[in-house]
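Okay, thanks for coming, everyone. I'll put the structure up on the screen and then walk you through it.

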Amino acid sequence: MLVSMYVDSNTKIDFGFSIVIPVYKNYHMLSRCLNSINTQKIPVEIIIVDDTPNEEREIIKKNTFNIRHPIHVLINSRNCGVTYSRNKGYSFARYSHVVFLDSDDSLVNDAFDKMIDVVISVNSSIYLFRTIDINGKLI
């Protein structure tokens, strides 16, 4: 479900979700995160900001091979930290809503379908969602 919104008569913003994931040496968890995004039904874009030393970057290609959503990998020239990486990913996002995930996070099925209901019914510039553990218990 993509809806176009207009800031003014010439500027179009696509309604959707850009997912920003900063990564620092946590590739073994990144594949679980990406697989949970892959199960989402609505179109999203994934922006991975790699903050890892050069010698470990090849692993990212293996983790993104079977993902059906567009993936953009941005690479920091040196270790810049999670805040810098999130801001860099945010500035690259093309959809109207940005979701920040860590590389060890995963989404429940239909997470974005549920988020759309909230985003459409509540007009706000920031939304916070609760976290659950792998047993479904609120943290």
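So, start with the overall burial: the protein has 139 residues, and 37% of them count as buried. By buried I mean under 20% relative accessible area, with exposed being over 50% and partly exposed in between, using a 1.4 Å probe and protein chains only. Before I go on, this is a predicted model, so local features need pLDDT of at least 70 and side-chain atom pairs count only at pLDDT 80 or more, while totals for chains, interfaces and linings use all residues. Also, residues are numbered from 1 along each chain as its sequence is written, and side-chain values use heavy atoms, with hydrogens and water left out.

Now the fold. We've got four helices and five strands, and reading along the sequence gives you β-β-α-β-α-β-α-β-α. Those elements are DSSP runs numbered from the N terminus: helices are H or I with at least four residues, strands are E with at least two. Contacts, meaning heavy atoms within 4.5 Å, reach a long way in sequence: of those with a separation of 6 or more, 72% are between residues 24 or more positions apart. The accessible surface comes to about 8700 Å², and carbon and sulfur atoms own 53% of that. Those areas are Shrake-Rupley with a 1.4 Å probe, and for residues only the protein chains shown count as cover.

Let's go to strand β3, residues 44-50. How many of its seven residues are buried? Seven of the seven, so β3 is largely enclosed by the rest of the structure. Both faces are covered: on one side you have Val44, Ile46, Ile48 and Asp50, on the other Glu45, Ile47 and Val49, and all are buried. Its partner is β4, residues 71-75, running parallel and joined to β3 by five bridges; for two strands to pair, DSSP has to find at least two bridges between them. If you want a register marker, Asp50 stands opposite Ile75 in β4.

Next, strand β5, residues 95-100, where we find Val98. Val98 is partly exposed at 25% relative accessible area. Leaving aside neighbours within four places in sequence, Val98 is in contact with Ser18, Val20, Tyr90 and Ala93. The C-alpha atoms of Val98 and Val44 are 9.9 Å apart, with those positions 54 residues apart along the chain. Ser96 is in β5 too, and it counts as partly exposed at 25% relative accessibility. From Ser96 to Ser18, 78 residues apart along the chain, the C-alpha separation is 7.8 Å.

On to charges. A salt bridge here is a side-chain nitrogen of Lys or Arg within 4 Å of a carboxyl oxygen of Asp or Glu, and by that rule we count three.

One of them brings the side chains of Asp110 and Lys41 together at 3.2 Å, N to O. Asp110 sits in the loop between β5 and α4 and Lys41 in the loop between α1 (27-38) and β3, so this pair ties together parts 69 residues apart in sequence. Lys41 is exposed at 59%, whereas Asp110 is partly exposed at 24%.

Then there's Glu45 with Arg94, where the closest N and O atoms are 3.9 Å apart. Glu45 is in strand β3 and Arg94 in the loop between α3 (82-92) and β5, so here the parts being tied together are 49 residues apart in sequence. Glu45 is buried at 1%, while Arg94 is partly exposed at 44%.

And Arg86 meets Asp102 in a salt bridge at 2.4 Å, N to O. That pair links helix α3, where Arg86 sits, to the loop between β5 and α4, where Asp102 sits, 16 residues apart. Arg86 is partly exposed at 25%, and so is Asp102 at 30%.

What about disulfides? A search of the whole structure finds zero, where a disulfide would be a pair of cysteine sulfur atoms within 2.5 Å. As for cysteines, Cys33 is buried at 0% relative accessible area and Cys80 is partly exposed at 26%.

Last stop, the surface. Val108, Ile132 and Leu138 make a nonpolar patch with about 240 Å² of accessible area together. Patches use residues with over 30% relative accessible area and no salt bridge, joining like charges within 9 Å and nonpolar side chains (Val, Leu, Ile, Met, Phe, Trp, Tyr) within 5 Å. Ile132 lies in the segment after α4 (111-121) and is partly exposed, at 38%.

That's my tour, thanks.
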